[in-house]
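Could you walk me through this structure, from the surroundings of its ligand to the way its strands are put together? I am seeing it here for the first time.

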Amino acid sequence: MEYSKLRIDTIDGVALVTINSPRTMNALNSEVLAELYDAFTELDADSSVRAIVLTGAGEKAFVAGADIKEMSAMSSLEGHRFGKAGQRVMLLLEKITKPVIAAVNGYALGGGLELALGCDFIYASENARFAFPEVTLGIIPGFGGTQNLPRLIGRGRASELIFTGKMITAAKACEWGIVNEIFEAGELLVKAMESARAIASVGSLAVCYSKDAIVNGLNMSKEDGFRYEASLFGVLFSSEDQKEGMSAFAQKRKAEFKGK
Ligand code: CO8
């Protein structure tokens with residue numbers, strides 16, 4: 001499929017998805033949201049892709065939020081639809097079987113932070129900045145931010161960010177557990193791709209089931225989560241990858257996984 005707002009490059013089983021509207025700081029308008037939904041659906045179905053990195057074009061922003069110019073004229077009904085269009089992308093990021101790493105290379109504000117939070121984990125450049133400025137615009141985070149941020153960093157810190165709209169540095173975001181690791185700006189994509197390639201080289205079924213257990217387990221009681229994990233664990237014993245992984249270990253050779 002052709003995309004006008006995204007660039008997609010696939011290298012060694014890793015798809016690099018770049019939101020490509022640097023002049024507007026990669027702001028999320030309806031078109032970008034629709035393309036992101038289509039692209040992630042397409043990449044999920046592509047068996048040659050085993051991990052995904054998501055970033056923004058240019059040096060200033062990952063994504064500076066939902067498109068304020070588009071939102072400013074919306075009716076209540078249109079605002080509701082727009083919110084749903086964004087939430088559909090965030091929920092898809094959780095549902096797809098491939099891990100998605102957000103490489104945050106500048107501002108991740110509002111909907112941009114929500115997009116990063118929808119990914120499995122976040123790496124950031126030293127110049128990355130994070131905020132939920134929605135309250136300064138008279139709205140609230142509407143692409144899942146009020147739900148995903150407290151689950152990730154706890155109610156207190158999430159409430160502080162959402163109620164004040166204040167901007168935090170990459171270092172603070174890392175200290176608070178939003179960001180896994182910080183890299184120099186020029187190194188960020190190299191490191192994110194390296195990490196994605198490491199994921200792409202192990203058993204892809206096992207990675208997919210791990211993601212399933214983590215994402216779905218977060219919405220279950222601990223006991224149900226343990227039960228769910230055990231069932232996924234058991235299913236993997238019917239896979240060729242489990243047999244290959246364990247025989248390769250016994251034979252002291254590198255496993256060749258097939259994802260089945
Ligand atoms: N939407 C639209 N355009 C944007 C956005 C945005 N979020 N952010 C930046 N731009 C545009 C600017 O308008 C400007 O365009 P132009 O040259 O045509 O005026 C261009 O990008 C460059 O921006 P600046 O000149 O402002 O660049 P600076 O380096 O001076 O500042 C900032 C960069 C700090 C990122 C600044 O642009 C800014 O504060 N942007 C807005 C950030 C923001 O408030 N984001 C949150 C938006 S609300 C949101 O995301 C809600 C999500 C949930 C929606 C649910 C709906 C129901």
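**Around the ligand and into the sheet**

Let us begin with the company the ligand keeps: the shell around it is made up of 12 nonpolar, seven polar and six charged residues. Please keep in mind that this is a predicted model. In total, 25 residues surround the ligand, and the closest are Lys-60, Ala-64, Ala-66, Ile-68 and Gly-111.

Some of these neighbours can be followed down to single atoms. In Lys-60, an N or O atom of the side chain is 2.8 Å from an oxygen atom of the ligand. Lys-69 offers another side-chain contact, with an N or O atom 3.0 Å from a ligand oxygen. Ala-64 takes part through its backbone, where an N or O atom lies 2.9 Å from a nitrogen atom of the ligand. Taken alone, the ligand has 1100 Å² of accessible area, and the protein covers 66% of this. The elements that contribute two or more residues to the shell are the helices α2 (68-72), α3 (76-95) and α4 (111-118), together with the strand β6 (107-109).

Now let us turn to the sheet. Six strands form this open sheet, and reading across it gives the order β1-β2-β3-β5-β7-β10, with mixed pairing. Which strands stand at the edges? They are β1 (6-11) and β10 (181-183); each has a single partner strand, so one side of each is left without a neighbour in the sheet. On average, neighbouring strands here are turned by 20° against each other, direction ignored.

We can cross the sheet one pairing at a time, starting with β2 (residues 14-19). This strand runs parallel to β3, and six bridges join the two. In one of these pairings, Ile-19 has Gly-56 in β3 as its bridge partner. The next step leads from β3 (residues 51-56) to β5, again a parallel pair, joined by three bridges. Here Ile-52 stands opposite Val-100 in β5.

Let us pause at β5 (residues 100-104). Are its residues buried or exposed? The strand is mostly covered, with five of its five residues buried. In a regular strand, side chains alternate between the two faces of the sheet. In β5, Val-100, Ala-102 and Val-104 point one way, while Ile-101 and Ala-103 point the other way, and all are buried.

Moving on, β5 is joined to β7 (residues 121-125) by four bridges, and the two strands run parallel. Two residue pairs help to locate this pairing: Ala-102 stands opposite Ile-122 in β7, and Ala-103 has Tyr-123 in β7 as its bridge partner.

What about β7 itself: are its residues buried or exposed? Five of its five residues are buried. Both of its faces are covered, with Phe-121, Tyr-123 and Ser-125 on one side and Ile-122 and Ala-124 on the other.

The last pairing takes us to the edge of the sheet. Three bridges join β7 to β10, and these strands run parallel as well. Ser-125, one of the buried residues of β7, has Phe-183 in β10 as its bridge partner.

Note on methods:
Residues are numbered from 1 along each chain as its sequence is written. This is a predicted model: local features need pLDDT of at least 70, side-chain atom pairs count only at pLDDT 80 or more; totals for chains, interfaces and linings use all residues. Side-chain values use heavy atoms; hydrogens and water are left out. A residue is near a molecule or strand if one of its heavy atoms lies within 4 Å of it. A polar contact is a pair of N or O atoms within 3.5 Å; within protein, one must be able to donate a hydrogen and the other to accept it, and residues adjacent in sequence count only if both atoms are side-chain atoms. Accessible areas come from the Shrake-Rupley method with a 1.4 Å probe; for residues, only the protein chains shown count as cover. Ala, Val, Leu, Ile, Met, Phe, Trp, Tyr, Cys and Pro count as nonpolar, Asp, Glu, Lys and Arg as charged, and the others, Gly among them, as polar. Buried means under 20% relative accessible area, exposed over 50%, partly exposed in between (1.4 Å probe, protein chains only). Two strands pair if DSSP finds at least two bridges between them. Axes are lines fitted to C-alpha atoms, for helices over the stretch in contact, and angles run from 0 to 180 degrees between N-to-C directions.
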